[in-house]
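The following report describes a model of a protein together with an RNA strand. Please examine the sequence and the structure before reading on.

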Amino acid sequence: MERKRWRRAVEDATESCPIHHGHLNSEMESVRVRFAPSPTGMFHIGSARTALFNWLYARHTGGAFILRIEDTDAARNKPEYVDVILQGLKWLGMDADEGPQPDGSIKGDKGPYFQSQRGEIYKKYVDRLLAEGKAYESDGAIRFRVPKTPIDVPDLICGDRQIDRANEPDLVIQRKDGSPVFHLVNVVDDIEMNVTHVIRGEDHLSNTHKHLALIEAFGAKAPHYAHIPLILNPNGSKMSKRDVGASIADYKEQGYLHEAVRNYLCLLGWSPKDNREVLPIEEVIAKFDLPQVNRSNAHFDLNKLFWINGEYFRAASIEALEPLAVEILQKGGVLPESYDPAYFRAALSIVKEKIKLGRELPEWMGYFFREDFEFEEAAVKKVFTPEGLGHLAQLRVRLATLDATKFNAADLEAEFKALAAAIGQKVGALIHPARLAVSGRSVGPSLYHLLEVLGRERVLARIDRAEQKFSK
RNA sequence: GGUCCCAUGGAGUAGUGGUUAGCUCGCCUCCCUCUCACGGAGGUCGCACGGGUUCGAAUCCCGUUGGGACUACCA
C-alpha cells in the first residue's frame, strides 16, 4: 500500500512536465528572472540548483526564465563551454524563454544575451556615470563613487538588513583595458532586461549593496533580491569544481536519471513540507515560492541522491531506460553493436528491479551477451562443491526434459521445487549452483526469470560448460 | 582582520510560545526471501552553549562558540 503510493509518485514525477501558468504576484508585474552563468568549462551542481530555483519561480508565476551568458572574462571563457551549460539545462529539463537555446537559436527580444556582445551598452552606462560625476578615472580604471551613507538591502529569503558604507571603497567598474567589470555588467543587464527578481547564490549577498548603489545611480528600479543558500561538501567546505559530484555532466555519464537529479536538487534548501521526498516537478512548480526557501547552507549528500535515483530507476519504463542503458552498455563494451532488442529489453526489465544506477548495468548485464563470462572465485569455491555440482547435474537432466514452451518463470519454479522435494533438498541447493553456472555470479535477478530470459538452449549449454569446467 | 549570513540527530528537512520534537536518507536488528534489491516491523542518533523575556521556549532577545560567504582592475 505504502509502496504503491511511492511508486505512483515516482511515476508521476517521471512524466513530461508541461509548463504551468501560475499566478502573477501581488504587484501584478510580470515576473522576469534570469540565470546568468559564466561558461568556464563545466556546469556546476550549485549553478544547476540556482538555475532550477529561477526556473521554478518563473514557471510558478508564469513569468519568463532568461538565460544570459556572462562571458566577459575573455581569459577564462570559451565559446564551446556555453554548450556545456546549454546541454546541462536541457538534460535537467529547464527550458529558457529567452536567451540561447540548445539547438543554437536565440529567443527573446532583449538581447544580445551574451555579455561579450553588449560592450556598447556598458560603455553608454559608464559614460553616463562619468558625465554625471558619479564615476571618475583612477590609474586608467574607472571607479564608481560609492555613497558613504548606510543603505537598506532587502532580501526575500535572507530578510532585510542595513549596510554601513562609511568605509566602503569606490568600486572599479571598468578596467584599465577598457573592459567592464562584473558588478557593472550584471546590474546594467538586469536593468536592460527588465529583470524583476534576482535569485542567486548567497555568495552574492555581500555584493548586493554595491549593485543597489549602481542601480540607484542609474535611477532605475531595483529588482527583488532572493539569495539562496549554498551547497556545501559533506565536510562543510564550499563545493568547488574539483569536488566529487560537482559536475552535472558526470551524473548523466554515470547513469543517473535527470528527473532524479532534479528532484534531489529541489530538496536542497526547499521542502514541500508534507514529508514527501519524491514528487513530480509539476507539484514542485505549484508549491515553490521564494519566502519558503531555507536560509542555511545545505550539505550535498550523494547517498540520498543515490536513493532517489533508485526510486526513479525502478519506476522508469523500459522504453525510458533503454537509450540510457544501451549507451552505457555499449560504451562499456558489454553490449554488441547489433543485438536482439526483445532479448535486451527482457534482460533489462529483470535487472532494473535490482539496481539503482545506470552505472551498475555493465556489471549486471555482461553475461547476457557473452558466453565467456568470468566466474566469481569465492562463489565457485563455495557453491561448486562436489555436492553442488551433483545437484547441478540433476538439474541439468530435469531441465533437458522441459521443452521450450515450458521454459518460463512459473513452470521453472514448479520444476525446481519438484526436483528439490524429490532429492530431499531445499530449493536453494539447486538455485545457487544454477545461478552461478548460467551467470558466473552469486547475485543477480530472480533466477526463474533469469532462466526464462536466457532461454532453454543458452541455459543448458552454460550448465554443460560449467560442469565441464568445474568438475573433478 | 573587517562586514554579512547561518545554526533541529551523520545528511536533507517539518516545526514559528504549550508536540511523548514529525518525516526521508544513512546506520543497526528482525521479518519476507533463490542471491541481491524491493517491501514490512523495530532500533540508533538531535533542538551548539550561556544568559535573559515568559506561567511556559527548538520557537522571541542578547552574548559565546561553531560553520559559511564576501572583502579583486574573477564571475
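## Helix 3 and its surroundings

Helix 3, residues 79-91, contains 13 residues, and the distance from its first C-alpha to its last is 19 Å, close to the 18 Å expected at 1.5 Å a residue. The model is predicted, and the values in this report are to be read with that in mind.

Four residues of helix 3 are listed here as its buried ones: Ile85, Leu86, Gly88 and Leu89. They lie on the same side of helix 3, because they cover an arc of only 160° around the axis. What covers these buried residues includes helix 2 (45-61), strand 3 (99-100) and helix 7 (248-253). After helix 3 comes Gly93, which has a positive phi, near 80°.

## The nonpolar cores

In soluble globular proteins, nonpolar side chains tend to be buried together. The largest nonpolar core of this model has 60 residues; those that touch the most other members are Val33, Ala48, Leu52, Leu56, Tyr57 and Val261. Helix 2 gives the most to this core, namely 9 residues. Apart from this core lies another of 38 residues, including Val351, Met365, Phe368 and Leu392.

Val261 deserves a further look. When residues up to four places away in sequence are not counted, Val261 touches Leu92, Tyr251, Tyr256 and Leu305. Val261 is also one of the buried residues of helix 8. Helix 8 (residues 258-266) is mostly covered, with 8 of its 9 residues buried. Besides Val261, the buried residues of helix 8 are Glu259, Ala260, Arg262, Asn263, Tyr264, Leu265 and Cys266.

Leu305, which Val261 touches, is in turn one of the buried residues of helix 10. The others are Ile308, Asn309, Glu311, Tyr312, Phe313 and Ala315. The 14 residues of helix 10 should span 20 Å at 1.5 Å a residue, and this agrees with its end C-alpha atoms, which are 20 Å apart.

## The surface near RNA strand B

Which residues are the closest to RNA strand B? Of the 57 residues that surround the strand, the closest are Ser38, Glu70, Lys238, Ser296 and His299. The residues of this surface divide into 18 nonpolar, 20 polar and 19 charged.

Several elements each supply at least two residues of the surface near RNA strand B: helix 1 (2-14), strand 8 (161-163), strand 13 (298-299), helix 10 (302-315), helix 17 (428-439) and helix 18 (447-454). The largest share, 3 residues, comes from helix 10.

## Particular residues in loops

Two residues other than glycine have a positive phi, and the table sets them side by side.

| Residue | Phi | Loop |
|---|---|---|
| Asp139 | near 60° | between strand 5 (135-138) and strand 6 (141-144) |
| Asn194 | near 55° | between helix 5 (182-192) and strand 10 (197-201) |

Are these residues exposed or partly exposed? Asp139 counts as exposed, because it has 8 C-beta neighbours inside 10 Å. Asn194 has 16 other C-beta atoms within 10 Å and is therefore partly exposed.

The loop between strand 4 (106-107) and helix 4 (119-131) holds Pro112. The peptide bond that leads from Gly111 to Pro112 is cis, with omega near 0°. Lys110 lies in the loop between strand 4 and helix 4 as well. Lys110 has 17 other C-beta atoms within 10 Å, so this residue is partly exposed. Leaving aside neighbours within four places in sequence, Lys110 is in contact with Glu98, Glu192 and Met193. From Lys110 to Leu460 there are 350 residues in sequence and 68 Å in space, C-alpha to C-alpha.

## Leu436 in helix 17

Helix 17, which supplies residues to the surface near RNA strand B, also contains Leu436. Is Leu436 buried or exposed? With 24 other C-beta atoms within 10 Å, Leu436 is buried; the cut-off for a buried residue is 20 or more.

Which residues is Leu436 in contact with, leaving aside its neighbours within four places in sequence? They are Phe375, Ala379, Val380, Val383, Phe384, Arg441 and Ser442. Phe384 is 52 residues from Leu436 along the chain, and the C-alpha atoms of the two are separated by 8.4 Å.

How values were computed:
Residues are numbered from 1 along each chain as its sequence is written. Chains are lettered from A and ligands numbered from 1 in the order in which they are written. This is a predicted model: local features need pLDDT of at least 70, side-chain atom pairs count only at pLDDT 80 or more; totals for chains, interfaces and linings use all residues. The expected span of a helix is 1.5 Å times one less than its number of residues. A residue is buried if 20 or more other C-beta atoms lie within 10 Å of its own, exposed if 12 or fewer, and partly exposed in between; C-beta atoms are placed from the backbone. The arc is that of the directions from the helix axis to the C-beta atoms. Two residues are in contact if their C-beta atoms, placed from the backbone, lie within 7 Å. A residue is near a molecule or strand if its C-beta atom, placed from the backbone, lies within 6 Å of it. Ala, Val, Leu, Ile, Met, Phe, Trp, Tyr, Cys and Pro count as nonpolar, Asp, Glu, Lys and Arg as charged, and the others, Gly among them, as polar. A nonpolar core is a set of buried Ala, Val, Leu, Ile, Met, Phe, Trp, Tyr and Cys residues joined through C-beta atoms within 7 Å.
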